[in-house]
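Q: Please take a close look at one part of this protein, the open sheet, and set it in the context of the rest of the fold.

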Amino acid sequence: MKPAYIQIIGTELAIAWDDQSESYIALEKLRRACPCAYCAGETDVLGNVARGPKISLQPSAFDLRSFDLVGAYAIRPVWGDGHSSGIYSYELLKKLGAPS
Ligand SMILES: [Zn+2]
């Protein structure tokens, strides 16, 4: 499964998958799910094990400036506060975009 296209629309990341499904992920949700070691710490990628205080984020942290494709399996967003170490696999994006 791969994205046919990925587009930033307003405050959401819109992904059209090659299986014809679509995902819309709020940028705030996307940033809070950042899987990098700094943001995720010891919690899992969806933040199910919350320990300690949440990192406080400025509004610019939810401003998605751009993103790079990483190999054939992930994207790396560049956020408004300069943070760009999170690698989001397509699998994670699919999960984040699923109705909860
Ligand atoms: Zn991060």
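A: In this predicted model, β4 pairs with strand β5 (residues 74-79) in the antiparallel sense, and the pairing runs over six bridges. One position in this ladder can be named: Leu64 has Trp79 of β5 as its bridge partner. The two strands belong to an open sheet of three strands, ordered β4-β5-β6 and paired antiparallel. Because β4 (64-70) and β6 (88-89) stand at the edges with a single partner strand each, one side of each is left without a neighbour in the sheet. In general, the strands of a sheet pair through backbone hydrogen bonds, in either a parallel or an antiparallel manner.

The sheet may now be placed within the whole chain. The protein has three helices and six strands, and from the N terminus the order of elements is β-β-β-α-α-β-β-β-α.

The largest nonpolar core consists of seven residues: Leu13, Ile15, Ile25, Leu30, Tyr88, Leu93 and Leu96. At least two residues of this core come from β2 (12-17), and at least two from α3 (90-97). Tyr88, one of the core residues, lies within the range of the edge strand β6 (88-89). Leu30, also in the core, touches Leu13, Ile25 and Leu96, leaving aside residues up to four places away in sequence. In soluble globular proteins, nonpolar side chains tend to be buried together.

Over the protein as a whole, 16% of the 100 residues count as buried. Among contacts with a separation of 6 or more, 32% join residues 24 or more positions apart.

Technical notes:
Residues numbered from 1 in each chain as written. Predicted model: local features only at pLDDT ≥ 70, side-chain atom pairs only at ≥ 80, totals over all residues. Core = buried A, V, L, I, M, F, W, Y, C linked by C-beta atoms within 7 Å. Buried ≥ 20, exposed ≤ 12 C-beta atoms within 10 Å, placed from the backbone. Helix = DSSP H or I, 4+ residues; strand = E, 2+ residues; numbered from the N terminus. Contact = placed C-beta atoms within 7 Å. Pairing = 2+ DSSP bridges.
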